[in-house]
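Dear colleague,

I am passing on the structure below, which you have not worked with before. Please look through it first and then read the notes underneath.

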Amino acid sequence: MKRTLCCTVLVLMLFLTGCTDRLSVENVTFILLVGIDVDEEDHVVYSLSSPVFSKEAKKKEEELEVRAMTMRNARENFDRSVVASTLGGKVQVILLGKRIFEHKDWFQLMDVFYRDNKDTVLPTVVLVDGKVSDLINFAPKDKPRLSTYLTELLRTSHKRNITVNTTIQELHRQMYDKGITPSISEVRKDKNLLVMGTALLKEDGRYALMLDPLANKLFSTLREHRSGEFPITLTMPSHNEDSFYKLNKLSITATDISTKTKVKYEDNKFRYDIKVNMRVTLSERLYPINLDKNAKKIEKEIGEELEAQYKLLFNKIQTAKIDPIGLGLYARAKEYKQWKKVQDNWGEALSKAEVNVKVKIRIMSVGSIN
Amino acid sequence: MGNELSTKLEEVQKQFQLTPDLVVRHLTIQATGTKAALVYLDSLTDNEVINNDIVNPLLSEGPVNKDEHPFHTNVGNIRKGTEWADLESAILSGDTVLLIDGNPDAFFLDTKGWPKRAIEDPQIETSLKGAHQGFLETGTQNIALIRRYLPDRELKIKELTIGVRGKTKVWIMYLADVANPDLLKVLESRLAAIDVDSIINTGELVEYIEDNPYSPFPQFILTERPDSTVSQLLQGRMAVIVDCSPSVLVAPATFITFFQSIDDYSTRWMIASFIRLLRYLAFIIALILPATYIAFISFNYEVIPMQLLLSIAESRTRVPFPPLLEAMLMEITLEMMRESGIRLPAPVGQTVGIVGGIIIGQTAVQAGIVSNIMVIVVASTAIASFIIPSYDMGTAIRLLRFPMMIIAFMFGIVGIIIGLMILVAHLVSLESLGTPYGSPLAPFRWSDMKDTFVRIPLSKMVKRPESTSPLQSRRGKDNRRAGGNP
């Protein structure tokens, strides 16, 4: 009897606590894209795009732009205008205008994404070369919803290693870890949407430089999480380009990549020896050469060409005094004493470091024809 | 009772007033020349046996050995009685009573015979490869069906009578050298304690002897298959056969026994294991899929992939009801369809079910009463709940779905977890005949795992399940007890 009474009371108590935070899916405006930009009058502008499901609505999504003090303050302004309550749990992409990166401390604006547990830390961060409002109002007729289109575009271009895919969770780490500087995707909207490559940021968050797709591929081979395909087209300097069509080109797809990074501190500077082993398949060859006889030669040539490209990449990085690859993590692990001295100025220290990249190529297949 | 035949007959007539099927036949026994009378109920006896095997020998055959019975008959089962009460119950159970002038004893000759149906395929527990014999309404025949599988002297049968008026005969069958005697005692004492008018059905009996009547879960197996009963007997369980009921009770049961089917042992072990895992999956789907749908679309949209979310939201905007009401509407329609299917004659039932299902599903979506996704959820739930081999367990899940839906509507995924935790707590605290219902998972028994989630090859399954605590744990070999009774 006592037990029955106890159970009844417990069950009744279940009903006491409210159903207050219930919000059915149709009563929610899902923010899929968030934009933060600085306008001509130096005001921070927040914008968002969310899908509309109503049959009566002709457009598939609604976009809004407000000047506000903070992101949360901006949401209030959105709530005054959109159909249902806005919710950030499904944000796919966060678009940051290029002007944001002119000043440091912009990262503090993103606080709400990390603090509010109804928000997600999975959206991809994208730098927009141009105005965010131009992009967010872009509604191509031959493409699905912009949010879907943009998400898919970023995902597939990351798969081909045209750009990186940095979620805001990853960005948080890159911002605060002293051994690595942030790298995010960069897009541009001219007539169409175009993935430009990867934007590298300085330790304080300001814009440093952009890597084009080829540089990004090499950059990605050195990063800790390597994934996707690595199709690389190279110009072979050993062959003439007198033909009208400039036939000294060779395309490879790197299938199996392994790198080994060694760090030493000698002569008052860090020295990095990076060995890159690649197994490649030859996918395109425009100049005539007997592949069977010259395999070794070609392997060597490709290796040398890639080494030159790596050298260019490191020149750029070192001049900009940044470390997007995370070489600082190796220094911290292996040369902690020296690292400790320079950790607050790691970009500077890395720019003085000596970086040697050795590439070893093995051609696994030359394709169906010789 | 007295010696005078005429007074005895008068007394019989007095006891059986308003009984038009009572027959009294006067005759003279050839062997001794004494007067005698046969008394029986015409409706419960086999007339051919009476004419050929009783009346004929009595009238025609010569002197007899005085030590046995003072008459000739071809009936094997003859009992003697002197009390009126014995006579009454013998007549009512279909025996023929022979009263002889000058003899104080009454002789009860077994002539039982009543309307029976032929053996048919089991209706609820259909099986692909198992035998096509189901239990019948006659207890003795059911015993015969079981005995055919187990010609073993250790197969013991205890007879009990339950009910003051009905006097239903109940038999407990068990393998004396396998089944645990403590469990047998519990079962016997519970059966003996029943105080009712009559037991009509085994399902009724269950309610009087189960451990926790306030649980939705069945605590005994009710089967209509002789082959699965035998398989359970061999595992150390006991069977209770109730006269007049075509289902047999098997005890003790554990939660997982309701997910085992006799077909599991006759299909290849890999396939059987796969199908068994499928049943556990179906159990979970049937229990929480509608609840999960409700939780996802009213609390936790974050877990739905974006593309799916967009299409769910799109179809939800047309629906004017909150998710719980939408789900309840469809689930209750489904339950009604299922219940009405039982009442409809078989050929019509299927058509009505399919047409009703398709039409209601299709038009409800078009009319904007429910969303597309809801129809998919309800349909897969329905399919999943039919996969479970035990009808009783299936109905338990059908019922539990509704509280799960309500709690999911209030608390989202957290609510579902609360619901599942309550359920698990309830399951592990349940008992069947005092043995843990959650066995072999809680308490965990490693050796029983061979026949729990998967079924390993039979040659590797040498031990009987520990959950029945059998006297003899190893199957096979000649380890039968020597000698007769213990």
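The notes below go through the domains, the nonpolar cores and the contact between the chains.

This is a predicted model, in which local features need pLDDT of at least 70 and side-chain atom pairs count only at pLDDT 80 or more, while totals for chains, interfaces and linings use all residues. Residues are numbered from 1 along each chain as its sequence is written, and chains are lettered from A and ligands numbered from 1 in the order in which they are written.

Chain B is divided into domain 1 (5-109), domain 2 (139-253) and domain 3 (268-436), with bounds that come from an automatic or database domain assignment. The C-alpha centres of domain 1 of chain B and domain 3 of chain B lie 62 Å apart.

The largest nonpolar core (buried Ala, Val, Leu, Ile, Met, Phe, Trp, Tyr and Cys residues joined through C-beta atoms within 7 Å; buried means that 20 or more other C-beta atoms lie within 10 Å of a residue's own, with C-beta atoms placed from the backbone) has 128 residues, and those with the most contacts inside it include L33(A), I294(B) and A408(B). Helix α8 (residues 269-298) of chain B, a DSSP run of H or I with at least four residues, gives the most to this core, with 12 residues. A second, separate core of 35 residues includes V170(B) and W171(B).

Where the chains touch, the contact (C-beta atoms, placed from the backbone, within 7 Å) takes 16 residues from chain B and 14 residues from chain A. On the side of chain B, the largest share, seven residues, comes from α9(B).

Best wishes

Conventions:
Buried ≥ 20, exposed ≤ 12 C-beta atoms within 10 Å, placed from the backbone. Helix = DSSP H or I, 4+ residues; strand = E, 2+ residues; numbered from the N terminus. Contact = placed C-beta atoms within 7 Å.
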